[in-house]
Amino acid sequence: SAILSIAAARLGATSVLGIELDSIAAKVAKANVAENHLSQAIQVAHGTFPRVDVTAELWDIVVANISFNALYEFSSSLVAAARPGGLIITSGILKERQSEVAGFMAKVGATLKIANEDGDWAALVFRVAV
């Protein structure tokens, strides 16, 4: 739906790349970006990290609202997309899997800085090594 991209742009981000894994979600995201008059700030791509070159530009903040398995699979790509010292924010993580996520993110160069829990869910903030 591009909700995270739209929120980032509304909070001041001037360059946002939203990647949707599902083609229907990508179409909806593009429509929502246009409806919110944010096409100048937000680019929406359909694909996955290996198919979408997110490392052409290093990003200050990378946000991933994806499943545990997808987060594991794309963890090194998330870190590669962030500038040194940048942040990676993950959401949709089951609370009991936080330590696993922190472990595999540490192996690819990101250190857990903040864990925010809400019921059974957690959002985790990592800083990429400098």
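This briefing describes a four-stranded sheet, the helix lying across it and one buried residue. The model is predicted: local features require pLDDT of at least 70, side-chain atom pairs count only at pLDDT 80 or more, and totals for chains, interfaces and linings use all residues. Residues are numbered from 1 along each chain as its sequence is written, and side-chain values use heavy atoms, with hydrogens and water left out.

**Sheet**
- Four strands form an open sheet in the order β3-β4-β6-β5, with mixed pairing; strands are DSSP runs (E, at least two residues), numbered from the N terminus, and two of them pair if DSSP finds at least two bridges between them.
- At the edges are β3 (59-65) and β5 (110-118), each of which pairs on one side only.
- On average, neighbouring strands of this sheet are turned by 15° against each other, direction ignored.
- Strand β6 (residues 121-128) pairs with β5 in the antiparallel sense over eight bridges.
- Opposite Leu124 in β6 stands Ala115.

**Helix across the sheet**
- Helix α3 (residues 68-81) lies across β3, β4 (82-94), β5 and β6; helices are DSSP runs of H or I, at least four residues.
- Helix α3 runs at about 155° to β4, where axes are lines fitted to C-alpha atoms, for helices over the stretch in contact, and angles run from 0 to 180 degrees between N-to-C directions.

**Phe126**
- Phe126, in strand β6, counts as buried because its relative accessibility is 0%; buried means under 20% relative accessible area (1.4 Å probe, protein chains only).
- Leaving aside neighbours within four places in sequence, Phe126 has contacts (heavy atoms within 4.5 Å) that include Leu87, Ile88, Val101, Met105 and Leu112.
- The C-alpha atoms of Phe126 and Ala106 are separated by 8.9 Å, with the two residues 20 apart along the chain.

Definitions and conventions. Buried means under 20% relative accessible area, exposed over 50%, partly exposed in between (1.4 Å probe, protein chains only).
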